[in-house]
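Let's take a walk through a protein model together, one strand at a time. Keep the 3D view open and follow along.

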Amino acid sequence: MATAHETDERLRHRPDSSKLRERLCADLLSLDKRFSQVRSRNPKGGPDQGRDMEALFEGRALAFGAVGFIDGANDSASHRRQIKKKFRDDLESALRHQADLEVFIFFTNVALTPADQDEVRNFAIGLKRRLVVELFTREQIRATLDTPMGFGLRLGYLDIEMSKSEQASFFAAFGREIQATIARKFTDLDRSMA
């Protein structure tokens, strides 16, 4: 059975490429019902002008997202400083390219303290007063991955299998949808063969 500790530990060290990290975060953002039309800007890596993904927030506002993961994140003061600098740099770059940006999302595998989070939010408000800032720190990412909705991503990106009890909760949450999808596919296949 996966534990919160195991998921937390894997997030510190995996996925081990920036492309996979960006895909994980884009997939996580797709699970958040406030966001739609989530897409990676440069999924094969390379320059992305401070924004790894774009989405629509609440069906109306353009949102840019950036990912700041550190290999072997240990939440030290230097790692937190490094991530806060990455946040500032990515936000400034995003605003240079889209001055009327309304929403900025930032994912990190570093556990920012409440004071750190206030600091980056205040920095963002100093640049643009009405900017919505969504921070997804390691704990928020872990919490999502350890729910039935996130089990598939956890398996795919962190190689953590579902326990028997997690499988039961997954099928309790999504069993009807899975069964309906399979039934639709068989109906479509029957129609095609006819």
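Our starting point is the end of a strand: Gly-68 stands opposite Thr-108 in β4. Keep in mind as you look that this is a predicted model. The pair belongs to a longer partnership, in which strand β3 (residues 61–68) and β4 run parallel and are joined over six bridges. How does the chain get from one to the other? Helix α3 (residues 77–97) joins in, and β3, α3 and β4 make a right-handed β-α-β unit.

Now stay with β4, which covers residues 103–108. Are its residues buried or exposed? Six of its six residues are buried, where buried means under 20% relative accessible area. You can check this face by face: Val-103, Ile-105 and Phe-107 are buried on one side, and Phe-104, Phe-106 and Thr-108 are buried on the other.

Next, look at another partner of β4. Strand β5 (residues 132–136) runs parallel to β4, and five bridges join them. One place to find this pairing is Val-103, whose bridge partner in β5 is Val-132. Here too a helix takes part: β4, helix α4 (residues 114–127) and β5 make a right-handed β-α-β unit.

Finally, go back to β3. Seven of its eight residues are buried, so β3 is largely enclosed by the rest of the structure. Strand β2 (residues 53–57) pairs with β3 over five bridges, this time in the antiparallel sense. Within that pairing, Glu-54 stands opposite Phe-64 in β3. The two strands form a hairpin with three residues between them, and there Glu-58 takes a positive phi near 50°.

Definitions and conventions:
Residues are numbered from 1 along each chain as its sequence is written. This is a predicted model: local features need pLDDT of at least 70, side-chain atom pairs count only at pLDDT 80 or more; totals for chains, interfaces and linings use all residues. Side-chain values use heavy atoms; hydrogens and water are left out. Buried means under 20% relative accessible area, exposed over 50%, partly exposed in between (1.4 Å probe, protein chains only). Helices (H or I, at least four residues) and strands (E, at least two) are DSSP runs, numbered from the N terminus. Two strands pair if DSSP finds at least two bridges between them. A crossover is right-handed if, with the strands pointing away from the viewer, the path from the first strand over the helix to the second runs clockwise.
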